[in-house]
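Please work through the following exercises with the sequence and the model at hand. Each task is followed by a worked solution.

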Amino acid sequence: MAMVIEEVVKAAELVRSVDDSRAATDPFKIPAVLRSTIETEYTALMALGGSQMMTEGERARHSQRYQSALESLQERLKDGFRHIQSRPDYEVDAASRLGAFNSYGWTGGKLGSLQRDDRVILLAQQAITASASVQPELARYPEELLTRIQDALAVVVAARPLASVGRRQSLTQQRDGAAKTLWVSISRARFHYCAASTLLDKTPELARIGFQPRRVSGQRLLPSEGGGGTTP
């Protein structure tokens with residue numbers, strides 16, 4: 001079945017818009033990690049959608065942009081690791097330091113290799129979503145550093161799919177794959193809504209993000225078609 005890119009994009013934009021309007025204490029507020037995933041996948045899909053007519057020169061430009069942003073992101077993550085490491089014991093004791101390292105994804109307080117792009121991206125996403133809950137506050141990444149990480153991550157996510165596109169057919173396959181991945185995350189948001197209410201999949205809140213509360217039969221593929229929970 002052909003992927004309806006526009007429908008997936010509209011569904012993602014609706015979910016994001018509604019979630020933006022919810023207070024942090026709202027039980028239907030999408031968890032930060034899932035919301036970050038949706039943002040990343042939405043950005044990647046939008047970037048792919050505008051790249052059908054790219055020239056080889058444009059591909060090379062995006063490749064350089066991606067590599068530069070990735071290298072910057074690696075350095076900023078190292079800065080975060082060093083920040084935790086540099087706090088004196090009277091500010092951050094050994095147990096709290098290890099807890100901060102683990103919260104940011106530095107398992108066991110080890111820097112590890114930053115040669116794998118996927119790990120760098122994952123650590124950056126973790127830094128953005130986990131920082132507000134890290135204790136003590138002195139172990140948190142500084143706000144300026146978090147901003148730099150977020151900015152570099154946005155460039156990496158946008159440029160990554162554009163840096164390696166091939167022929168039109170290959171790009172179409174990449175777009176379909178990105179849309180399916182995003183749809184899975186949108187479906188996870190729907191499951192969160194069901195879990196947040198004692199009404200489960202009957203909750204009227206589902207309608208706010210384009211999903212019809214439980215219907216016995218006739219569920220369709222996309223929210224605009226009245227369906228829910230079925231991946232493309």
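**Exercise 1. A salt bridge within one helix**

Task: Determine whether Arg 148 is buried, partly exposed or exposed, and describe its salt bridge with Glu 144.

Solution. The model is a predicted one.
Step 1. Arg 148 has a relative accessibility of 47%, so it counts as partly exposed; the class lies between 20% and 50%.
Step 2. Glu 144 reaches 53% and therefore counts as exposed.
Step 3. The two side chains form a salt bridge with an N to O distance of 3.1 Å.
Step 4. Both residues belong to helix H6 and lie four residues apart, about one turn of the helix.

**Exercise 2. The helix that carries this bridge**

Task: Compare the span of H6 with the expected value, and state which of its residues are buried.

Solution.
Step 1. H6 consists of 21 residues, and from the first C-alpha to the last it reaches 30 Å.
Step 2. At 1.5 Å a residue, 30 Å is expected, and the span of H6 is close to that value.
Step 3. The buried residues of H6 include Leu 145, Leu 146, Ile 149, Ala 152, Leu 153 and Val 156. Pro 161, Leu 162 and Ala 163 are also among them.

**Exercise 3. The overall fold**

Task: State how many helices and strands the protein has, and what share of its residues is buried.

Solution.
Step 1. The protein has eight helices and zero strands, which gives the pattern α-α-α-α-α-α-α-α along the sequence.
Step 2. The protein has 232 residues, of which 43% count as buried.
Step 3. About 12200 Å² of the protein is exposed, with 52% of this area supplied by carbon and sulfur atoms.
Step 4. Of the contacts between residues at least 6 apart in sequence, 65% join residues at least 24 apart.

**Exercise 4. Further salt bridges**

Task: Characterise the bridges Glu 39 to Arg 35 and Asp 89 to Arg 97 by distance and by burial of the partners.

Solution.
Step 1. By the distance rule, the count of salt bridges is 16.
Step 2. In the bridge between Glu 39 and Arg 35, the closest N and O atoms are 2.9 Å apart.
Step 3. These two residues are four apart in helix H2 (residues 32-49), so about one helical turn separates them.
Step 4. Glu 39 is partly exposed because its relative accessibility is 23%, whereas Arg 35, at 14%, is buried.
Step 5. Both residues belong to a salt-bridge network that also links Arg 16, Asp 19, Asp 20 and Lys 29. The charged end of Arg 16 also sits over the ring of Tyr 42, 4.1 Å from the ring centre.
Step 6. For Asp 89 and Arg 97, the closest N and O atoms are 2.8 Å apart. Asp 89 is exposed at 60%, while Arg 97 is buried at 11%.

**Exercise 5. Aromatic pairs**

Task: Classify the geometry of the pairs Phe 81 with Trp 106 and Trp 183 with Phe 211.

Solution.
Step 1. A pair of aromatic rings is described by the distance of the centres and the angle of the planes.
Step 2. The structure contains five aromatic pairs. In the pair of Phe 81 and Trp 106, the centres are 5.2 Å apart and the planes stand at 75°, so the pair is edge-to-face.
Step 3. Phe 81 is in helix H3 (residues 56-86) and Trp 106 in the loop between helix H4 (94-103) and H5, so the pair ties together parts 25 residues apart in sequence. Phe 81 and Trp 106 are both buried.
Step 4. For Trp 183 and Phe 211, the centres are 6.0 Å apart and the planes at 40°, so this pair is tilted. Trp 183 is in helix H7 and Phe 211 in the segment after H8, 28 residues apart.
Step 5. Trp 183 is buried at 0% relative accessibility, and Phe 211 is buried at 1%.
Step 6. Ring pairs also join Phe 81, Phe 101 and Trp 106 into a cluster.

**Exercise 6. Loop residues**

Task: Locate the cis peptide bond between Gln 135 and Pro 136, and describe the surroundings of Ser 131.

Solution.
Step 1. The bond from Gln 135 to Pro 136 is cis, with omega near -5°.
Step 2. Pro 136 lies in the loop between helix H5 (117-130) and helix H6 (143-163). Ser 131 is in the loop between H5 and H6.
Step 3. Ser 131 is buried because its relative accessible area is 5%.
Step 4. Beyond its neighbours within four places in sequence, Ser 131 contacts Tyr 104, Gln 126, Arg 140, Tyr 141 and Leu 146.

Notes: Residues are numbered from 1 along each chain as its sequence is written. This is a predicted model: local features need pLDDT of at least 70, side-chain atom pairs count only at pLDDT 80 or more; totals for chains, interfaces and linings use all residues. Side-chain values use heavy atoms; hydrogens and water are left out. Buried means under 20% relative accessible area, exposed over 50%, partly exposed in between (1.4 Å probe, protein chains only). Contact means heavy atoms within 4.5 Å. Accessible areas come from the Shrake-Rupley method with a 1.4 Å probe; for residues, only the protein chains shown count as cover. The expected span of a helix is 1.5 Å times one less than its number of residues. Rings of Phe, Tyr and Trp (its six-membered ring) pair if their centres lie within 6.5 Å; planes under 30 degrees apart count as stacked, over 60 as edge-to-face and the rest as tilted. A charge sits over a ring if NZ of Lys or CZ of Arg is within 6 Å of the ring centre and within 35 degrees of the ring normal. A salt bridge is a side-chain nitrogen of Lys or Arg within 4 Å of a carboxyl oxygen of Asp or Glu.
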